[in-house]
Amino acid sequence: VRIVRQGTTVRAYRGSNDNESLAEWVKMGEVQISAVDPLLVGLCVTAHNNDALCNAQFRDVSLDSTNQGSTWQSSDIGLCPPGSTTAVGTDGFDIQGSGKDIWDTADGFRFVYKTATGDFDIRTRVASVQNTDSWAKAGVMVRQSTAANSIHATAVATAGNGFSFQRRTTAGGGSDHTTSWSTAYPNSWVRLARQGTTVRVYNAIDESGSTWTEMGTITLATTDPVLLGLCVTSHNE
């Protein structure tokens, strides 16, 4: 059996024999699925009987995907007008993001991300943030999912309130932040580093990003893979 996705179109096939390389694939149908990346793809088993276990054996499993953490993805999180993402060279982005904020019990912002597992260290130089609101912000984020109420830890440079370490430790719960560092524009740095379940949050105001100030440490109960990347919100829908 086989599933192929191109854009929003998903096609399903069955094979004619036990040799994949020689199989004549027969199309069973196709459907339009408006899934939001990242999605879950894999193997499934059901007994069709809650009182029994169904034993299934899988062989020759293969997965061909460009979205296993190797490429950047971009989407709007929460209810907000669509933003945009433009790659600049090999290591930069210009991001336009709307959204009410990364705050309260649900967020609204633009997210550019990869999937990640295990320990990580992500940092970026925030060259500029437009002052659509003093709490407009841009920075780095680790997040469990693209759900608006997902748990997260975020280090941002704001348009008018310095650096901020923001987090939501339970899905759908309230948000908290630590803000007490002045911001120097341009070329403010923000950073997240995870070891095990501990996430440390930093900022730096020197252009080289070599002198880090720790803003806080948090234990974040995420399950791998997580979403890791850049966030922008205008704080103005």
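Let me begin with Asp121 and Arg191, whose side chains meet in a salt bridge, 2.7 Å from N to O, and please keep in mind throughout that this is a predicted model. Asp121 belongs to strand β8 and Arg191 to strand β13, residues 188-195, so this pair ties together parts of the chain that are 70 residues apart in sequence. The two partners are covered to unlike degrees: Asp121 counts as partly exposed, at 39% relative accessibility, whereas Arg191 is buried, with a relative accessible area of 14%.

How many salt bridges does the structure hold? There are 10 of them, and I would like to take you through two others. In one, Asp107 and Arg168 bring their side chains together, with 2.6 Å from N to O. This pair, too, links distant parts of the chain, since Asp107 sits in the loop between β6 and β7 (109-116) while Arg168 sits in strand β11, residues 163-168, and the two positions lie 61 residues apart in the numbering. Are these two residues buried or exposed? Both Asp107 and Arg168 are buried.

The other one joins Lys27 to Glu30, where the closest N and O atoms are 2.6 Å apart. Here Lys27 is partly exposed, with a relative accessible area of 44%, and Glu30 is likewise partly exposed, with a value of 43%. These two residues do not stand alone, for salt bridges that share partners join Arg11, Lys27 and Glu30 into one network.

From charged pairs I turn to the cysteines. A search of the whole structure finds zero disulfides. Cys80, for example, is in no disulfide, and the nearest cysteine sulfur, which belongs to Cys231, is 12 Å away. Why is Cys231 not bonded to Cys80? The sulfur of Cys231 is 12 Å from that of Cys80, its closest cysteine sulfur, and this is too far for a bond, given that a disulfide calls for two cysteine sulfur atoms within 2.5 Å. Both of these residues are nevertheless covered by the protein: Cys80 is buried, with a relative accessible area of 17%, and Cys231 is buried as well, with a value of 1%.

Next, the open space in the model. The second largest pocket holds about 940 Å³ of space, and its lining is made up of 34 residues. Which residues lie nearest its centre? They are Phe93, Asp94, Ile95, Ser128 and Val232. If you prefer to find the pocket by its strands, look to β6 (92-96), β8 (120-126), β9 (137-143) and β16 (226-233), each of which supplies at least two residues of the lining. You will recognise β8 from the start of this talk, as the strand in which Asp121 lies.

On the outside, I would point to a nonpolar patch on the surface, formed by Leu43, Val45, Phe58 and Val61, which together have about 370 Å² of accessible area. Of these, Val45 is found in the loop between β3 (26-32) and β4 (73-77), and Val45 is partly exposed, with a relative accessible area of 45%.

That loop between β3 and β4 also contains His48, which brings me to the backbone. Phi of His48 is near 55°, a positive value in a residue other than glycine, and His48 is exposed, with a relative accessible area of 76%. Asp104 has a positive phi as well, about 65°, although Asp104 is not a glycine. Asp104 is found in the loop between β6 and β7, the loop that also holds Asp107 of the salt bridge with Arg168, and Asp104 counts as partly exposed, at 43% relative accessibility.

One peptide bond also deserves a mention, namely the bond from Asp224 to Pro225, which is cis, with omega near 0°. Where does Pro225 lie? Pro225 is found in the loop between β15 (213-219) and β16.

Lastly, a distance that may help you to get your bearings as you turn the model. Gly196 has its place in the loop between β13 and β14 (198-204), and counts as partly exposed, at 47% relative accessibility. The C-alpha atom of Gly196 is separated by 42 Å from that of Gly15, and the two residues are 181 residues apart along the chain.

Methods. Residues numbered from 1 in each chain as written. Predicted model: local features only at pLDDT ≥ 70, side-chain atom pairs only at ≥ 80, totals over all residues. Heavy atoms only, no water. Buried < 20%, exposed > 50% of the residue type's maximum accessible area, 1.4 Å probe, protein only. Patch = residues over 30% accessible without salt bridge, like charges linked within 9 Å, V, L, I, M, F, W, Y side chains within 5 Å. Areas by Shrake-Rupley, 256 points an atom, 1.4 Å probe, with all protein chains shown as cover. Salt bridge = Lys/Arg side-chain N within 4 Å of Asp/Glu carboxyl O. Helix = DSSP H or I, 4+ residues; strand = E, 2+ residues; numbered from the N terminus. 1 Å grid on protein atoms, 1.4 Å probe; cavity = no way out; pocket = protein on both sides within 12 Å on 5 of 7 lines; lining within 4 Å. Points joined across faces, edges and corners; volume = space filled by probe spheres on them.
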